[in-house]
Amino acid sequence: MKYRKQLKMAARLAEPYCISNGDKFRLKDYDTSDTGDVKKIEQSQKIMDDRVGLLSNLQEKLYAQDRWALLLVIQAMDAAGKDGVIKHVMSGVNPQGCDVHSFKTPSTEELNHDYLWRAHTQVPERGMIGIFNRSYYEEVLVVRVHPTILEAQKLPDPLITKHIWDQRYEDINAFEHYLTRNGVVIRKFFLHLSKKEQKKRFLERLEDSKKNWKFSMADVTERGYWKDYQEAYEEMIQKTATKHAPWYVVPADNKWYTQLIVASAIISTLEELDLSFPDVDKDKKKELESVRESLLHEKD
């Protein structure tokens, strides 16, 4: 009974942030500091502890059933807490059933292929949870904000037109539809951080010697393009939020709530798959019984 109640609560917490049709989506309608009905970090931690256990159970079934794969895409501005989400939300998951891939500046080999190639090579196999820390969506975010990056992608000049972003949205939607039709369940998360909170976190990185390594001048440079990025994120969600691959616009000013919502969305998604441990056939059961009897009669 408690298990079912926790599952329902997870679905209820995550649902308000889910965008499956972006036609009317506006980023300004989503509060970066929202915490829903969860007002205290202590309350959140108790719920989170339960979520970790639920996720571990569901992940074990996903792995054992070996039919579905789950791809989690995480996008955000710098300092929004992507690494923290991965660390805390997946803390109870068996490492053998989860892969994390961070997409950095494309290599020479990657630039010699189409822009979705490197992402496709990292799509999780059946039974696995795959996490993209940044993803192919950088192609309609950082590349759009800095269009000179297109020059390094070796595209033929006639293909670089004013329609290229709409074409990329179309490509991405088709790619995600293809994966979905092949048993890869996709859930995408935009960690929605305020500019004020980002500044606070940058200052913390500068003032705490243990966080200095996280700081880069490039982060501050990108902050100067804040408005451009917000516009790019808004259109990205408008154009690529679909029923089979929805976006979750997750408030990110409070890390504890961010982690709770992401965990809840993952749990709700896995529950929808009706996962179970596979039954063994009669021959296998006979074999197991034989092994059992052999062990019971074994002399110490």
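In this predicted model, Asp274 counts as exposed because its relative accessibility is 64%, above the 50% cut-off for that class. Asp274 is found in the loop that joins helix H11 (255-272) to helix H12 (282-296). Its backbone also deserves a look: although Asp274 is not a glycine, its phi is positive, at about 55 degrees. For context, most residues other than glycine have a negative phi.

A second non-glycine residue with a positive phi is Arg134, where the angle is about 70 degrees. Arg134, too, belongs to a loop, here the one between strand E4 (129-133) and H6. Its surroundings are another matter: Arg134 counts as buried because its relative accessibility is 19%, and the class takes in values under 20%. A polar atom of the Arg134 side chain lies 3.3 Å from the backbone oxygen of Ala76. Ala76 also appears among the contacts of Arg134 beyond four places in sequence, together with Ile74, Gln75, Asp78, Lys82, His101 and Phe103.

Phe103 leads on to the aromatic residues. It forms one aromatic cluster with Phe132, Tyr136, Tyr137, Phe175 and Trp247. Across the whole structure, a search finds ten aromatic pairs. One of them joins Tyr136 and Tyr137 in a tilted arrangement, with 4.9 Å from centre to centre and 35 degrees between the planes. Tyr136 and Tyr137 are both buried. Another pair, Phe190 with Tyr233, is stacked, with a centre-to-centre distance of 4.3 Å and planes 25 degrees apart. This stacked pair links distant parts of the chain, as Phe190 sits in strand E5 and Tyr233 in helix H10, 43 residues apart. Phe190 and Tyr233 are likewise both buried.

Strand E5 and helix H10 come up again around helix H7. This helix covers residues 164-181, 18 residues in total. From first C-alpha to last, H7 reaches 26 Å, close to the 26 Å expected at 1.5 Å a residue. Which residues of H7 are buried? They are Ile164, Trp165, Arg168, Tyr169, Ile172, Phe175, Glu176 and Leu179. Seen down the helix axis, the buried residues of H7 fall within an arc of 140 degrees, so they line one face of the helix. The face turned away from this buried side carries Glu170 and Arg181, which are exposed.

What covers the buried residues of H7 includes strands E2 (69-76) and E5 (184-192), as well as helices H5 (117-120), H6 (142-145) and H10 (226-240). Two of the buried residues of H7 can be followed further. Phe175 is a member of the aromatic cluster that also holds Tyr136 and Tyr137. Arg168, in turn, lies over the face of Tyr115, at 4.4 Å from the ring centre. After H7 comes Gly183, whose phi is positive, near 90 degrees.

Notes: Residues numbered from 1 in each chain as written. Predicted model: local features only at pLDDT ≥ 70, side-chain atom pairs only at ≥ 80, totals over all residues. Heavy atoms only, no water. Helix = DSSP H or I, 4+ residues; strand = E, 2+ residues; numbered from the N terminus. Expected span 1.5 Å × (residues − 1). Buried < 20%, exposed > 50% of the residue type's maximum accessible area, 1.4 Å probe, protein only. Arc of directions from axis to C-beta. Contact = heavy atoms within 4.5 Å. Phe/Tyr/Trp six-rings, centres within 6.5 Å; stacked < 30°, edge-to-face > 60°. Lys NZ or Arg CZ within 6 Å of the ring centre and 35° of its normal. Polar contact = N/O pair within 3.5 Å; in protein donor to acceptor, adjacent residues only side chain to side chain.
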